[in-house]
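I opened my notebook to record what I looked up in this structure. The entries follow in the order I made them.

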Amino acid sequence: MEENMDESQSQKGCKECCERCVGSLPWASLIATILLYMGVALFCGCGHEALSGTVTILQNYFEVIRAPGETLDVFTIIDILKYIIYGLAAGFFVFGVLLLVEGFFTTGAIRDLYGEFKISACGRCLTAFLMFLAYLFFLVWLGVTAFTSLPVFMYFNVWSMCQNTSLVEGANLCLDLRQFGAVTISEEKKVCTGSEKFFKMCESNELDLTFHLFVCTLAGAGAAVIAMVHFLMALAANWGYLKDASRIQKYEDIKSKEEQELHDIHSTRSKERLNAYT
């Protein structure tokens, strides 16, 4: 009988421990962090490979060569975009960790509100600062998403032309890089339908793969935008909770101080009465 009671108590203790651990997790920040990492990883990985595929297409089918020296050409711009991708991957990894840690500390602060934990003004300022950064990065990712949609639109047009070669066979359509700003006006780098280069480009794997990689890059940027919205909601809720908790804590401190003063006054009067009787 005693062994069964011990087993039930131990099971009850493990269950309470698990419920406490699960309840103390900042689920909103955790989900937003996972979504942010997935979006940034998809954007950076697919974007890097899509840019490399773009370089291959420009060199093989449009015969664009890298300009000598430090001239700012399309290949230099692609290299700069790759470095920006590296910076985004590193920066948002650190930013996601900071937001997740803030979520853990804020959740702990709320759980221990009626204990010995006191919410400081520094914690509220940190939450407000991270909320400002999240809003700023939300605007940045909106711009990145809009910018990423441009190569998706261009590659979709080229991919559609390749998928409908029988329909455009009689038409004289050309893909001129000067229209996209990839080369200068004096250079004439174009591929027309019906030419051998056009059929080779359509039959190659570079065009189809690069197009779908840019689509995945756009999806990753969209996921990062949604993650920023999740972080904004979580941070705004945490800031509101911390602000209310600070007010409640101040009220509790004032209440305990008044009770202590009343207790001291009552003790003093009791001592005076006792001295009067004696």
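**Entry on E259.** The model is predicted, so I keep in mind that every value here is computed from it. I looked up how far E259 is covered and got 48% relative accessibility. Exposed would need over 50%, so E259 counts as partly exposed. I then looked up where E259 sits, and found it in helix α6, residues 205-277. E259 also belongs to a surface patch of negative charge, where it gathers with E252, D253, E258 and E261.

**Entry on disulfides.** I noted what the word means before searching: a disulfide is a covalent bond between the sulfur atoms of two cysteines. How many disulfides does a search of the whole structure find? I got 2.

One disulfide joins C162 to C202, with an S to S distance of 2.0 Å. The angle about its S-S bond is -65 degrees, and I wrote the link down as left-handed. This pair links distant parts of the chain: C162 lies in helix α4 (residues 121-163) and C202 in helix α5 (residues 196-203), 40 residues apart. I also checked the cover of C162, and its relative accessibility is 11%. Buried means under 20%, so C162 counts as buried.

C174 and C192 form a disulfide too, with their sulfur atoms 1.9 Å apart. Here the angle about the S-S bond is 95 degrees, and the link is right-handed. The pair also links distant parts of the chain, from C174 in strand β1 (residues 174-176) to C192 in strand β2 (residues 190-192), 18 residues apart. At 29% relative accessibility, C174 counts as partly exposed.

I wrote down the pattern as well: with bonded cysteines counted along the chain, the disulfides run 1-4, 2-3.

**Entry on C44 and C216.** I looked up C44 next, and C44 is in no disulfide. The nearest cysteine sulfur to that of C44 belongs to C46, 9.8 Å away. Is C44 buried or exposed? C44 is buried, with a relative accessible area of 9%.

Why is there no bond between C216 and C46? The closest cysteine sulfur to that of C216 is in C46, and I read the distance as 4.5 Å. A disulfide needs the two sulfur atoms within 2.5 Å, so 4.5 Å is too far for a bond. C216 has 32% relative accessibility and therefore counts as partly exposed.

Methods
Residues numbered from 1 in each chain as written. Predicted model: local features only at pLDDT ≥ 70, side-chain atom pairs only at ≥ 80, totals over all residues. Heavy atoms only, no water. Patch = residues over 30% accessible without salt bridge, like charges linked within 9 Å, V, L, I, M, F, W, Y side chains within 5 Å. Areas by Shrake-Rupley, 256 points an atom, 1.4 Å probe, with all protein chains shown as cover. Salt bridge = Lys/Arg side-chain N within 4 Å of Asp/Glu carboxyl O. Lys, Arg positive; Asp, Glu negative; His and termini not counted. Charge placed at Lys NZ, Arg CZ, Asp CG, Glu CD. Helix = DSSP H or I, 4+ residues; strand = E, 2+ residues; numbered from the N terminus. Buried < 20%, exposed > 50% of the residue type's maximum accessible area, 1.4 Å probe, protein only.
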